[in-house]
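With the sequence and the coordinates side by side, this account goes from the chain as a whole to a sheet, the helices that lie across it, and a single side chain.

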Amino acid sequence: MKTKTRFTALSLALMMAGLSLVGCGSAASTTTAAAAPENTSNTTGGKQYTIGVLQLIQHPALDKTNKGFVDAINASGLSVRFDQQNASGEQSACQTIAEKFVNDRDDLIFAIATPAAQAAAAATEEIPIVISAVTDPAASGLVATNNAPGGNVTGTSDLTPVREQIDLLKQMFPDAKTVGILYCTSEANSALQLEMAKQACTDQGLTAKEYSVSSSNEIQSVTESMVGNVDVIYVPTDNTIAAGISTVASVATDHKIPIISGEEGQLEGGGLATYGIDYYELGKMAGEQAVSILKGEKKPGEIPIGYLSASQCTLMISKDQADALGIDVSSLKISYK
């Protein structure tokens, strides 16, 4: 496993710097995820609630979201049992798990990532649903609007600073001309980020080329098709690509193509750098929303979709990956405000 690395750029202070790495997991079974928080309960008295947790796939960003949510619930003093389920990236498994939660009459469903959230929303209009790691809940058909969700769904968005990530790419590689944007066509959250990244590339004078996969089985061949055609690879917060980031890196690193990532979990698998959000804090925010719902303080439709502020974004660079690419990060001058 790669060691954590911390790097301070010369000449310019890195505001919000926190240069670190986290591990990248593999897909879990369709039962309880191995890396998921334990099914613990607070026993402070009163009613015991059951929360069904539906996680799309096991990888660091979603695992952190899960843990932040559970920690927020456990800190609330409520007595809660968690039914942790992982769909291993399968939409059909998401639907089966969501239906299980409904049949079990769970008090609340926590759905992590867009396909999981859509499956939960399709399964019930009665049970409160809190979602997280969904880039645009309204565009995904989960809520009426992000400011006024209505219905039984609310949660937190993992919309990352895409423009700042492309700015980071340009600062690190000023001679780059072509950026390959790698994403999965089945993920609505990636479609939004794709358009944002293309516009940001245009504004920076970069040529953006789209490279898409429909499943994880295509990641290696599509990445291989980028060799000789792009200078840098950009990967948004795409769950399919994040889970297969080591496959992307195995090809890219051999050909000295750096990867700018949408989130920090991709750095352990071979991403070079990111400027992104803290998924633990995102999950924690969702947990606080769930507490408010369970306590009867607010209904889901009354709670706006939550976002992390720009001040909570962090610049991270993997020195291990920089060394593998032959890049001297100590000479970089990167500034963020």
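The secondary structure of this chain, which is a predicted model, comes to 11 helices and 11 strands. Of its 337 residues, 56% count as buried, and the accessible surface comes to about 13200 Å², with 48% of that area belonging to carbon and sulfur atoms. Among the contacts with a separation of 6 or more, 75% are accounted for by residues 24 or more positions apart in the chain.

A sheet is a convenient place to start. Six strands form an open sheet of mixed pairing, and their order is β7-β6-β8-β9-β10-β11. The edges are taken by β7 (207-213) and β11 (314-317), each of which pairs on one side only, and from one strand to the next the twist averages 20 degrees. Strands of a sheet pair through backbone hydrogen bonds, and they do so in either a parallel or an antiparallel manner. Within this sheet, strand β9 (residues 259-261) and strand β10 (residues 273-276) run parallel and are joined by two bridges; here Ser261 stands opposite Thr274 in β10.

Which strands do the helices lie across? Helix α4 (residues 162-172) lies across β6 (178-184), β8 (232-235), β9, β10 and β11, and runs at about 150 degrees to β10. Helix α5, for its part, lies across β6, β7 and β8, running at about 175 degrees to β6.

Helix α5 (residues 188-203) also holds Asn189, a residue whose surroundings can be followed in some detail. Asn189 counts as buried because its relative accessibility is 2%, which is under the 20% cut-off for that class. The side chain of Asn189 reaches the backbone oxygen of Thr237 at 2.7 Å. Once its neighbours within four places in sequence are left aside, Asn189 is in contact with Thr114, Thr135, Thr237, Asp238 and Asn239, so that Thr237 appears both in this list and as the partner of the side chain.

A further helix, α8 (residues 245-254), can be read through its buried residues, which include Ile245, Val248, Ala249, Val251, Ala252 and Thr253. An α-helix has 3.6 residues a turn, so residues three or four places apart point the same way. That spacing may be kept in mind when Ile245, Val248, Ala249 and Ala252, among the buried residues of α8, are located in the model. Just after α8, Lys256 takes a positive phi of about 60 degrees.

How values were computed. Residues are numbered from 1 along each chain as its sequence is written. This is a predicted model: local features need pLDDT of at least 70, side-chain atom pairs count only at pLDDT 80 or more; totals for chains, interfaces and linings use all residues. Side-chain values use heavy atoms; hydrogens and water are left out. Helices (H or I, at least four residues) and strands (E, at least two) are DSSP runs, numbered from the N terminus. Buried means under 20% relative accessible area, exposed over 50%, partly exposed in between (1.4 Å probe, protein chains only). Contact means heavy atoms within 4.5 Å. Accessible areas come from the Shrake-Rupley method with a 1.4 Å probe; for residues, only the protein chains shown count as cover. A polar contact is a pair of N or O atoms within 3.5 Å; within protein, one must be able to donate a hydrogen and the other to accept it, and residues adjacent in sequence count only if both atoms are side-chain atoms. Two strands pair if DSSP finds at least two bridges between them. Axes are lines fitted to C-alpha atoms, for helices over the stretch in contact, and angles run from 0 to 180 degrees between N-to-C directions.
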